[in-house]
Amino acid sequence: MSSNDLKATTSPHILVLGMGGTIAGLASSPDDKPLQYKAGQVEVGSLLAHIQSAIPEGVTVVSKQVANVNSRNLSDSLLSLLGETIRASLGDPLVKGLVVTHGTDTIEETGAFLQFTCGKYAQNLAKRVILTGAMLPANAPKADGPSNLLDAIRWALTSIDNCPGGIYAVMDGRVCMAMDLSKRHGTALNAPIQDSPSSSVGLINPSWLSGVKAVQAAWIEDLPIPKEGEWPWVEILTSHVGARSETIALWLGSQVKGLVIAGSGMGGFHDEWKIPLEEAQSREIALVRTSRTGAGLVLSNIPEKDGLGCMAAGSLSAPRARIALQLALNAAKQGNLLGKPLTWQDFFARIADLPEIR
């Protein structure tokens with residue numbers, strides 16, 4: 001059964017949280033031009049109604065609309081709202097698992113955010129939070145949303161195989177850790193998950209499970225969720241042919257707290273940026289290096305020695321590194337207020353040094 005009345009539900013259930021996105025989108029001419037659509041138009045309860053007959057017997061599914069936006073317009077405040085909603089829901093003994101319907105454009109940022117703020121909590125409670133979305137709008141002839149949503153509900157159930165609690169994503173019949181989401185294709189039905197190092201078809205692969213458990217064992221403490229208005233300002237800058245020093249200098253007079261440098265190759269950046277980035281560090285602007293290639297590791301002091309305080313992002317893409325840096329800066333600020341003087345580098349290292357699933 002399914003229900004939209006969260007307050008009236010007194011039985012154990014799977015909670016589906018709607019955030020909008022393509023899965024909730026509508027095309028004006030779905031037969032002719034399904035990719036010309038408006039995201040975030042359909043309520044999550046209506047999405048569930050379309051798969052009602054396929055929901056496993058005896059499973060109660062409850063929905064709650066958190067937001068209904070095109071995910072390219074996702075904001076810091078909506079991330080805070082989603083994170084707080086998920087943490088509160090995980091603590092509810094009636095909630096056996098959660099599914100989040102989300103736009104694919106920024107699903108990788110949300111996946112990283114939820115892992116770093118709710119991952120340990122979900123693991124300790126042995127509950128799963130499953131992110132899912134769609135590449136085609138809800139009224140497209142071959143919409144992929146219904147099957148993805150149904151798969152996500154199935155994965156959220158605690159009785160499935162030997163998968164531990166935590167933050168996951170499901171799309172196109174595949175599952176991965178949500179922190180490994182990365183949309184590297186504009187139209188493929190499995191775009192956010194296709195190149196994930198932790199993706200698996202089913203949970204029958206022992207090496208997949210051992211890799212997941214290794215990551216979870218290394219993630220020892222969730223970082224605090226920034227309150228609305230308290231997210232540190234962090235920008236992503238991409239190094240390229242003809243990069244100018246002015247690109248960095250423009251930020252030196254702003255209130256920006258951190259810069260993620262999406263460098264070429266192994267995370268190197270144009271020589272024109274060296275002097276202004278040194279100036280940025282002298283002004284205590286946090287710096288993180290990652291690669292614009294979208295895959296592979298960025299390691300400390302490679303290809304050149306890092307400036308004092310600059311951190312390498314490991315396997316984090318630029319969007320995920322930005323979220324990680326925001327959370328690390330916020331955690332350091334909160335820690336200082338509580339008399340725990342850890343630096344943002346201490347918190348960021350916990351994220352960047354997590355094991356890879358191969």
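Visitor: Which residue of strand 12 does L259 stand opposite?

Guide: In this predicted model, L259 stands opposite L287 in strand 12.

Visitor: How do you know that strand 11 and strand 12 are paired?

Guide: Pairing requires at least two bridges between the strands, and strand 11 and strand 12, which run parallel, are joined by 6 bridges, so the requirement is met. Strand 10 (residues 234–238) also runs parallel to strand 11 and is joined to strand 11 by 5 bridges, with L237 standing opposite I261. Between strand 10 and strand 11 the chain passes through helix 6 (residues 245–252), in a β-α-β crossover that is right-handed; strand 11, helix 7 (residues 274–282) and strand 12 likewise make a right-handed β-α-β unit.

Visitor: Why is strand 11 called largely enclosed?

Guide: A residue counts as buried under 20% relative accessible area, and 6 of the 6 residues of strand 11 (residues 258–263) are buried, so the strand is largely enclosed by the rest of the structure. In a regular strand the side chains alternate between the two faces of the sheet. Here both faces are covered, with G258, V260 and A262 buried on one side and L259, I261 and G263 buried on the other.

Visitor: What makes L299 partly exposed?

Guide: The relative accessible area of L299 is 42%, and since partly exposed covers what lies between under 20% and over 50%, L299 is therefore partly exposed. This residue lies in the loop between strand 12 (286–291) and strand 13 (311–312), and together with M266, L297 and I302 it forms a nonpolar surface patch with about 330 Å² of accessible area.

Notes. Residues are numbered from 1 along each chain as its sequence is written. This is a predicted model: local features need pLDDT of at least 70, side-chain atom pairs count only at pLDDT 80 or more; totals for chains, interfaces and linings use all residues. Side-chain values use heavy atoms; hydrogens and water are left out. Patches are made of residues with over 30% relative accessible area and no salt bridge: like charges are joined within 9 Å, nonpolar side chains (Val, Leu, Ile, Met, Phe, Trp, Tyr) within 5 Å. Accessible areas come from the Shrake-Rupley method with a 1.4 Å probe; for residues, only the protein chains shown count as cover. A salt bridge is a side-chain nitrogen of Lys or Arg within 4 Å of a carboxyl oxygen of Asp or Glu. Helices (H or I, at least four residues) and strands (E, at least two) are DSSP runs, numbered from the N terminus. Buried means under 20% relative accessible area, exposed over 50%, partly exposed in between (1.4 Å probe, protein chains only). A crossover is right-handed if, with the strands pointing away from the viewer, the path from the first strand over the helix to the second runs clockwise.
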